Every structure is written in structure tokens, then in C-alpha cells.
Amino acid sequence: MLEIIDMDAIWVYTTGPLPLCSVGLIRTPLRVAPQAHVTIIDDDPSYDSHWLNATLMGQVMTSQIPYFAQHVHIESVDADLSDTMLGLFNIQPVAIIPLIADYHLLGVYLVGNKTKREQLLSEDSKNLLIYLGDVLAQTLHTDFLKSRSRRHTDALVMLNQIAQTITSSLDIDDVIQRTMAGINSILDVEAGSLLLIDEKSNELNFKVTLRGENKQITSYRLNMGEGIAGWVTQHNRPAIVNNVKTDRRFSSKIDEAINFDTNSVLCVPLVIQGKPVGALEVLNKRNGLFDEDDQDLLVSMVASLSVALKNVALYDDAQKRAHINQIISKVTAAINAGHGLSETSKIIYKQSSRLFSFDHMSISLIDESGHSIRQWTFGEFGCVEQPYYIALDESRLAQIVKLGQGHIETDLSCLKPGKKTYPDDALSTADKVKAKMTVPLTTKNQPYGAISLGSQYANRYGLRELELLEQLAPQIAVAIEKALLIDALEQRNNEMQLLNRLGEMLVSTTKPRLIFETTLNVVPRLLPGDVQGVVIVGEEGAYVGAAVPFEFQKSDLILNKLVSTLAELRENEAPVEVIVTKCVPGNIPVKSNWQPTKVMSLPILTRRGAQGLIYVAFGQGEYLSDDVLRISSLIVSQIAVAIENAHLFQQVEQERGRLAAIVASSTDAILVVNSQNQIVLDNPAAREVMGVQESQNGRLLSESTQSTAIVELFNNAMQGGKPTGEVALADGRTFFANLSPVSAGEAGVIGWVATMQDVSHFKELDQLKNDFVSTVSHDLRAPLSNILMATNLIAEIGEINADQQELLEAIERRVRVMAEFIEDMLDIGKIDAGIDMEMDACDLTSIIDDVVRNLTPHARDKKIELVQTLAQDLPPILANEMRIRQVMSNLVGNAIKYTLENGQVTVNAYCHNNEVQVEVSDTGIGIPVNDRPHVFEKFYRVRGEHALNQKGTGLGLAIVKGIIDKHNGRIWLESVFGEGSTFIFTLSIY
């Protein structure tokens with residue numbers, strides 16, 4: 001029908017009462033068989049109500065009206081196998097005709113063409129398709145009726161048993177033995193044999209005999225056409241010979257060999273798919289002669305045996321296909337196993353050896369440039385890459401890629417004179433290969449390379465092996481591609497590790513000689529090439545070295561080339577003296593006539609210009625990938641940094657030497673500590689303060705001195721406390737220490753430096769001053785009381801006028817100011833002496849509330865907002881309540897005093913680091929930077945026009961600091977001049 005209607009595909013879908021089946025025949029031109037067809041059978045197609053409504057076949061079956069293609073067609077044909085297969089071969093349905101016989105719908109059939117052909121049909125063509133549908137339907141219906149009748153007929157019992165035996169086992173020897181036994185029981189013959197054709201020799205060999213006593217004849221063979229069995233096989237016709245003596249076809253060779261007399265022969269051909277593959281003969285019927293019924297019976301039995309042999313052949317073919325699929329799965333597993341090329345090549349070699357016979361396996365791949373070929377040989381122990389590249393346009397691979405198909409060389413030893421040879425065939429020639437087949441490898445629909453198998457025997461490979469290798473090629477290509485990617489990744493990891501190691505080694509040294517030695521050892525492991533050279537310029541001169549192949553005869557030439565290249569780079573600078581030259585043999589040997597065909601020179605540049613170079617030379621024009629250039633630039637940059645660091649280190653060492661001399665000669669004690677509290681510098685004066693004889697450089701500060709004052713001073717400064725303090729020595733001297741943080745850009749504070757000056761003399765003077773002030777204050781207190789009493793008694797003696805009264809009030813004010821001043825001085829003495837400092841648990845919240853409440857009227861008079869923000873549930877503090885009230889009154893009073901009208905004073909209190917922290921802030925005039933270090937000193941008052949109108953003794957903040965110090969607290973100042981100030985102090989929790 002396919003030929004009659006001139007279509008590319010026909011598809012039949014049958015339904016009840018016929019068996020449900022979907023079968024199609026599609027015209028499929030192939031490269032090896034252009035007129036081939038493919039037949040597809042689906043014994044279990046889909047069939048339900050949804051399918052009837054959703055598919056073209058279902059709609060035609062429901063309506064029983066033929067369907068003919070329109071200009072636009074997008075419907076699904078059967079939502080199953082036909083959609084897949086028709087779509088695979090680009091076939092569009094042209095018509096779908098219902099199959100109806102005797103008013104019974106038996107199914108539909110579809111005809112289709114490839115999309116490029118005309119899809120619309122003429123009326124005559126439509127009528128023809130409908131007519132053929134009627135004929136096909138009637139034929140199917142008639143065949144169905146016949147088959148049903150045959151199923152109701154009893155077959156011969158023995159024949160059924162033999163058929164069951166034949167179809168019940170895939171053990172062909174067992175099937176044949178049982179069949180021969182059945183033949184003997186039915187035909188009652190003396191002997192019989194099954195002969196099969198040996199495809200290699202084209203001879204008939206005795207597969208099995210009817211009886212065991214004649215089993216020895218299986219060692220004999222007949223030529224095609226020899227004997228009756230040979231004639232039957234050759235002519236594919238049965239033969240009945242009841243008297244072999246009168247038949248010229250009979251051969252007595254076997255009878256003579258085994259001493260057997262053959263009288264009559266019944267022989268029928270053994271046919272599989274229309275091709276004779278052997279013959280079955282029975283000899284000497286015991287009861288009568290062989291007749292047509294015997295022949296029909298034997299033909300039937302042989303037909304069943306043919307089915308069995310066909311099944312076995314199919315089974316063997318399926319086994320072979322399964323074997324092939326298993327090997328493909330192995331190769332696929334190699335793809336997913338994540339192995340490098342060495343392990344993957346072992347797998348490919350091992351699995352391929354299960355399918356092919358070969359003595360040589362190699363692959364040729366197109367490199368990244370697309371102009372050269374890299375080659376590997378595969379073996380059971382891995383792969384070996386060839387050390388040279390081949391130009392693609394001169395290779396056999398280029399021809400294979402161009403043709404896009406495999407190639408077979410049956411006998412390379414018999415090449416015609418003048419036939420072109422290719423450089424990429426050298427690998428197989430070295431293995432004495434005579435027969436060779438090569439198939440292309442593609443990945444991502446792009447040419448990738450080729451795989452070749454070779455044998456030392458000619459005519460080893462044919463079309464079957466080539467097709468099988470082509471079937472494996474896609475998996476092999478993907479496996480190799482992935483393996484190379486894994487190798488590349490591993491190589492990148494190794495390169496990164498080497499680069500990191502190189503960086504670590506370069507960073508760890510500041511000597512040009514060591515930089516040179518390190519680079520010369522590492523560079524050959526990172527950069528490809530036959531020769532690698534290194535030049536490093538130091539303060540003394542140049543270090544020149546090269547890594548060369550074993551037994552290299554041109555080392556001096558390479559060293560001279562390095563020196564001349566450096567001179568070209570430094571053409572505007574003074575010549576550099578070469579102080580060290582070195583050659584390290586270890587690279588792969590090269591030919592004696594080696595010449596550099598490609599050279600890469602990379603200068604090592606610093607801020608001082610070219611300070612060296614990296615040199616790589618190739619004997620062949622290898623492709624320099626981006627990775628090589630990237631690694632080269634990384635190496636050069638690391639070396640440049642190392643050289644620059646070495647130069648800077650020398651400068652720093654010189655500066656450090658000068659600084660060390662200055663510090664050592666200083667009379668002030670200088671102590672430097674890093675962020676880990678380790679001493680990094682201590683001059684002789686600092687060691688004297690710490691009470692040690694030798695430098696404590698590198699040791700912890702707490703382990704280097706018995707002076708707890710120094711340790712606490714550093715700890716407080718690091719925690720944000722005051723950076724100044726006094727250090728008392730055992731001999732009575734006192735040093736004043738001032739700490740400053742050492743910062744390093746974004747790294748922040750990396751340490752602290754303390755400068756300590758001997759202030760013993762100033763302490764003695766201060767003590768004398770304090771003693772003098774205390775004595776004078778105490779001695780002036782009584783006279784001032786008497787003066788104040790006298791001014792009050794004058795009014796009692798007699799009347800005084802207004803002028804006298806004004807003078808008396810002025811005297812009283814002056815006396816009271818002096819009395820307050822004296823009280824403050826005496827108060828400082830009491831604080832220093834620890835008088836009235838008994839401490840107990842105090843409620844800080846109530847203290848602050850009272851002070852703020854008492855000073856609110858004063859703040860209101862100045863139009864200042866007084867605000868307090870205290871944390872809830874402030875814990876009790878260990879303090880003297882009277883003294884803390886004094887502190888709060890002084891701080892809040894000063895804040896109000898130095899804040900202009902419409903300003904704000906804020907009191908905050910909260911817990912911080914297991915302490916209570918109090919802040920008194922104002923928006924007042926602020927304190928200049930130069931005055932801030934002195935505000936807590938006695939009698940010190942801030943200078944300047946901004947403070948002239950504010951009166952005071954200069955003792956208030958000194959009293960505050962003294963009280964806080966006696967409470968083991970801390971107090972400090974934060975201020976911005978012109979914006980305001982904040983006084984902060986901390987107290988311990990009870």
C-alpha cells in the first residue's frame with residue numbers, strides 16, 4: 001500500500017473485535033541503506049474516552065468520517081507512539097480513514113508525507129484511500145474470522161507438544177534434541193540430523209543427530225550443494241528420496257565414515273526470514289515410504305524449529321545489544337564518576353576491548369585555538385599524551401571532520417604509491433598497525449576530535465565494527481571532555497596551591513637571593529615550555545637563572561638571552577652587574593638541534609622600574625592559552641610585590657635603626673605594647689621604671705614588670721578609660737605616664753605607646769603647695785569667722801546709714817566667698833585624706849532626682865531645660881551618699897552655669913560593663929582642646945572671653961575627680977568647643 005499510494009508513512013490502528021494494536025511503516029532513508037524502511041509495532045496503545053476526544057484518530061473513529069489534511073495542522077494523532085515516530089521523521093498526516101467491515105468499526109489507518117511534500121489530496125486520491133480502507137477492513141475482518149476458526153481446531157497432540165517444547169526454552173541444544181525426539185516418535189525413522197551453515201566457511205556442519213550412537217558425525221562437514229542436505233539448503237526446496245541409490249544428489253561419505261546404510265531420505269530446508277540457514281533430514285522410515293504428509297509434517301515442525309532458532313538468534317542479538325548497552329553504560333558511568341583522563345582512558349580501553357579486537361587505541365582532539373591537534377594513546381594502565389602538537393589543516397582528522405563520518409583502512413601495509421600520509425597517523429604506525437578505523441567525536445554539535453582503533457592484522461574491521469564504534473563515540477566524547485575538564489580543574493587547583501605557596505615563600509623573605517631561588521624552583525612547575533628563565537635585580541646586582549632540559553647544550557645561550565633582554569628593558573638605566581648565574585636541569589629532554597620558535601618574556605615592574613623578568617621558550621609553536629597568560633601575570637605580580645617589599649624592608653630597617661638609637665638615648669621612658677599586650681619596644685629608661693635589667697621585647701606586659709600601676713594604666717586605656725596616670729617607683733620617684741593609641745589605617749588600633757616622665761620634683765612642689773594651702777586655709781578660717789561676726793554686730797551697736805549698710809553687705813559677701821573658697825580647699829584635703837568617705841549601698845536614682853529637683857529653679861531662671869533620662873531599675877551603688885550628691889551638684893551646677901539661655905542640660909544614667917555610668921551633658925559653650933587635659937586640676941580655670949563672666953575657684957572639678965577616684969571610679973570629658981560638653985563618670989555596683 002505504501003508504494004501504491006506513494007506516501008512516506010502508513011499507520012494502522014486496530015480496535016475490537018480485532019486485537020488492539022498500533023503498527024506503522026515509515027520510509028527512512030539511511031546513509032548505509034537509502035531505501036530502508038522502519039516498522040514499529042505497539043501491542044498496547046492507549047484507548048479511552050479522553051483519547052477518543054483529544055486525538056485525530058479518536059475523532060475519526062468516533063465520527064467514522066475520513067479526515068483529510070488542511071493547510072494548518074496542529075492536532076495530536078494518537079497522543080502515543082505514532083506522534084513520537086511521525087514527529088521523529090518530520091511526517092505530517094495526510095489522511096486518516098476509518099476501517100469498517102460489515103458495519104463493524106475495526107480501527108483506522110493513516111497515511112502521511114514528510115513536511116516538505118505536498119499535503120493536500122485530490123478527490124481521486126481521496127476516493128482511492130477510502131477504497132483501500134474498505135479493502136483493508138474486509139481483509140482484516142476475513143483474516144480475523146479464519147484465525148478464530150483455526151483456534152477452534154484441535155491440532156495434533158504431539159505436534160502441539162513439540163511446538164510447546166520448541167517455544168518453551170531458549171536453550172537451542174535442548175530444543176533441537178527434543179524436536180528430533182518428537183520427529184522420531186511421529187515419523188518412526190532410524191536416524192536424522194540437523195545441519196547448519198557455517199557462515200565463515202559456507203559449509204554445512206552436523207549440529208545434532210537423532211540418536212546418540214551417531215553423535216560422532218557432528219565432526220564432519222558438507223560443502224554447499226554436497227549430498228541431499230546440501231542440495232536442499234542450496235535450492236531452498238524440500239526433497240523426498242525413498243531410494244537414495246537412484247538419486248545422484250546422494251553422497252555416501254558419511255555412511256562410509258560411520259558404517260551406516262541410508263536407504264530413504266526426507267529433507268526440508270531450515271529457513272529464517274526467507275533465508276536458508278541449514279536443513280533437517282530424517283533417514284530410513286521404518287513403516288513404509290516417506291510421503292507428502294510426512295513432508296508437510298516435517299515442514300511444519302521445521303517451521304517451528306526455525307521460529308525457535310529465530311528466537312534464539314533474536315535472543316543472542318538482544319544479548320549482544322545488552323552487552324553493548326552495558327559497555328555504553330560503563331562509559332557513561334565513567335562520565336558521571338568524576339575521573340580524570342587517566343582513569344577514564346582505562347575504563348574506555350577496558351570496555352572497548354570487550355567489543356573490538358585491537359592492538360592500538362588513540363584519540364586526537366582539536367585544541368582550544370582550533371588550529372592544532374593534541375594526541376593521546378590509551379592503554380590498560382592509562383593514557384600518554386604526545387609532547388608535540390600537529391597542525392589541524394595538515395591532518396587526517398581535518399578530512400574526517402570535513403566528511404563527518406568514520407573511515408576504515410583495511411591494510412595500511414599495502415598503500416598505493418604516492419598516497420598521502422598524515423602526521424597524526426604516526427601513532428598507529430609506531431604500533432605496526434595494518435587495519436585501522438577512525439570515527440569523529442562531537443560535543444555540543446561541534447567537531448571535537450576522533451578516536452582510532454588499530455590492529456596488527458589486515459582486514460580486521462568492517463562496516464559492523466565501524467557502526468558499533470560510531471554508536472559508542474558520543475559517550476566516549478562526553479567522557480573525554482568531562483575527564484579533561486576534571487584534569488584542568490585539578491591542574492588549576494594545583495596551580496593555585498603552587499601560586500599560594502609561592503606567595504607565602506616570597507612574603508616570608510626579604511632577600512633578593514632567596515626570591516630568585518624560590519622563583520626558579522617554582523616557575524617550571526607552573527608554566528609550560530621547554531625552557532623557563534628568571535632574572536631578579538637586587539641592590540648588589542642581578543641574579544640570572546634558567547630551568548633547562550636534561551643534557552641541554554645551549555644553557556649559556558639562554559643565560560645570555562636573559563641578560564640581553566633585561567638590558568633592553570632597562571635601556572634608560574645604568575647597566576646591572578650579574579652577580580649570580582644558575583642553570584637547573586630537569587625539564588623534558590629536547591632534540592640536539594632545538595631552537596626557540598616561540599618566546600614569552602614578561603617584565604617584573606615595580607615603582608623603581610624593571611626589576612627583573614620571567615622568560616619562557618618553546619621549541620614548537622604551542623598555543624598559549626589565557627590560563628597560561630593569567631598564571632604568568634600572577635607570578636610576575638607576586639615577584640614584583642616581593643621585590644618591592646624587600647626594598648621597603650631595607651628602608652624600614654634603616655629607619656628602625658635610626659629610631660632605635662634615638663629612643664635608646666632618650667631620658668624619657670618609652671614603652672610600646674601591641675594589641676595582644678606584648679612589648680614591642682622598651683628603652684633603657686622604660687626598663688628602669690618596670691624594674692628590669694634587660695629588654696622585655698616579645699613578652700607580655702603583665703609578665704615583664706612587678707609594677708601593677710603600669711599594667712592597670714594600659715588596661716584602662718585599652719578599655720576606653722583615661723590614658724594618663726602616675727607610676728610610683730619603690731625608690732620614691734614618681735613618673736607621669738601618657739598613653740596614645742597606634743593606628744594603622746583600616747586595621748584600626750594595633751597597639752599603644754606610653755611616654756613616662758619623672759615628675760618627682762613636681763610632686764614635691766605640689767605637696768608643699770597643698771600643705772601651705774591647708775595651713776593657710778585653716779589659719780584664715782577663724783579670722784574670717786570673726787570678721788563676719790563683727791559685721792553682724794555693728795548694726796546692733798547703733799544706727800548706720802545706707803552707705804555704711806552697703807559696705808557691710810559687700811564685706812559680708814566677700815567674706816562668705818572667701819569662706820567657701822577655704823571650705824573647698826579644706827574639703828579637698830579631707831577627700832585626699834579619706835575623711836568622711838564611709839561607703840554603703842546608695843540609691844543613685846533618688847540622689848539624681850533630689851539634685852535635679854533642687855537645681856530646676858536655677859535652670860528655669862536661665863530659661864534652660866533640665867532633663868533626666870534614667871534607666872529603669874538602676875541597681876544600688878557602693879558609695880558615700882553625701883559625696884555623690886556633691887559630685888552631681890557640682891556637675892549639674894556647672895552645666896547650668898556654662899549653658900546659654902534656651903539651652904538644655906541632660907542627665908543620663910544606665911548600666912554598662914557591670915558598672916553604673918552617669919552622663920551630664922549640656923549645650924553650652926564647650927571647652928577648648930588645649931584646656932581639656934587640665935580641667936580636673938586644682939585652681940585651674942578655662943581661659944578666654946567665653947569664660948570671663950563666670951566666677952569660680954577652680955576647685956569644683958578637682959573635688960569631683962577626687963571623690964570619684966576615692967570611689968575607684970573613672971571620670972572623663974567629651975566636648976566640642978562651641979557646641980557643648982559631657983562629663984561622664986562610673987561607679988561600682990553594690
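Here is a chat about some sheets, a helix, a cavity and two loops in a predicted model.

Visitor: Where do we start, and is this model predicted or something else?
Guide: This is a predicted model. Let's start with a sheet.

Visitor: Okay, what's the strand order in the open sheet of 5 strands?
Guide: The order is 26-25-29-28-27, and the pairing is antiparallel.

Visitor: Which strands stand at the edges there?
Guide: Strand 26 (679–682) and strand 27 (724–728) do. Each has a single partner strand, so one side of each is left without a neighbour in the sheet. From one strand to the next, the twist averages 25 degrees.

Visitor: How many bridges join strand 28 to strand 29?
Guide: There are 9 bridges, and the two strands run antiparallel. For one matched pair, look at Phe736, which stands opposite Gln757 in strand 29. Strands 28 and 29 also form a hairpin, with 5 residues between them. In that turn, Gly745 has a positive phi of about 60 degrees.

Visitor: And how many bridges are there between strand 27 and strand 28?
Guide: Strand 27 pairs with strand 28 (residues 734–743) over 5 bridges, in the antiparallel sense. Thr724 has Asn738 as its bridge partner in strand 28.

Visitor: What about strand 25 and strand 29, how many bridges there?
Guide: Strand 25 (residues 669–674) and strand 29 (residues 749–758) pair over 6 bridges, again antiparallel. Val673 has Trp752 as its bridge partner in strand 29.

Visitor: Now the open sheet of 6 strands. What's its order?
Guide: That order is 3-2-1-6-5-4, with antiparallel pairing. Strand 3 (37–42) and strand 4 (67–68) are the edge strands, each pairing on one side only. Further in, strand 1 (residues 9–14) pairs with strand 6 over 6 bridges. Ala9 has Gly112 as its bridge partner in strand 6.

Visitor: Let's switch to helix 22. What span should its 17 residues have?
Guide: At 1.5 Å a residue, helix 22 (residues 881–897) should span 24 Å. Its end C-alpha atoms are 24 Å apart, which agrees.

Visitor: What caps the N-terminal end of helix 22?
Guide: Asn880 does: a side-chain oxygen lies 3.2 Å from the backbone nitrogen of Met882.

Visitor: Which residues of helix 22 are buried?
Guide: Among them are Ile884, Val887, Met888, Leu891 and Val892, and the list also includes Arg883 and Gln886. In an α-helix there are 3.6 residues a turn, so residues three or four places apart point the same way.

Visitor: How many cavities of 30 Å³ or more does the structure hold?
Guide: It holds 3. The second largest cavity has a volume of about 120 Å³.

Visitor: What lines the second largest cavity?
Guide: Its lining has 17 residues, and Ser364, Asp424, Lys436, Thr438 and Ser452 lie nearest its centre. Elements giving two or more residues include helix 11 (396–403) and strand 19 (446–455). Strand 13 gives the largest share, 4 residues.

Visitor: Last topic, the loops. What's the phi of Asp102?
Guide: Asp102 has a positive phi of about 50 degrees although it is not a glycine. Most residues other than glycine have a negative phi. Asp102 is in the loop between strand 5 (91–101) and strand 6 (104–114), and it is partly exposed, with a relative accessible area of 49%.

Visitor: And Asp873, buried or exposed?
Guide: Asp873 is exposed, with a relative accessible area of 75%. Its phi is near 55 degrees, also a positive value. You'll find Asp873 in the loop between strand 31 (865–870) and strand 32 (877–879).

Conventions. Residues numbered from 1 in each chain as written. Predicted model: local features only at pLDDT ≥ 70, side-chain atom pairs only at ≥ 80, totals over all residues. Heavy atoms only, no water. Pairing = 2+ DSSP bridges. Axes fitted to C-alpha atoms, helices over the stretch in contact; angles between N-to-C directions. Expected span 1.5 Å × (residues − 1). Buried < 20%, exposed > 50% of the residue type's maximum accessible area, 1.4 Å probe, protein only. Polar contact = N/O pair within 3.5 Å; in protein donor to acceptor, adjacent residues only side chain to side chain. 1 Å grid on protein atoms, 1.4 Å probe; cavity = no way out; pocket = protein on both sides within 12 Å on 5 of 7 lines; lining within 4 Å. Points joined across faces, edges and corners; volume = space filled by probe spheres on them.
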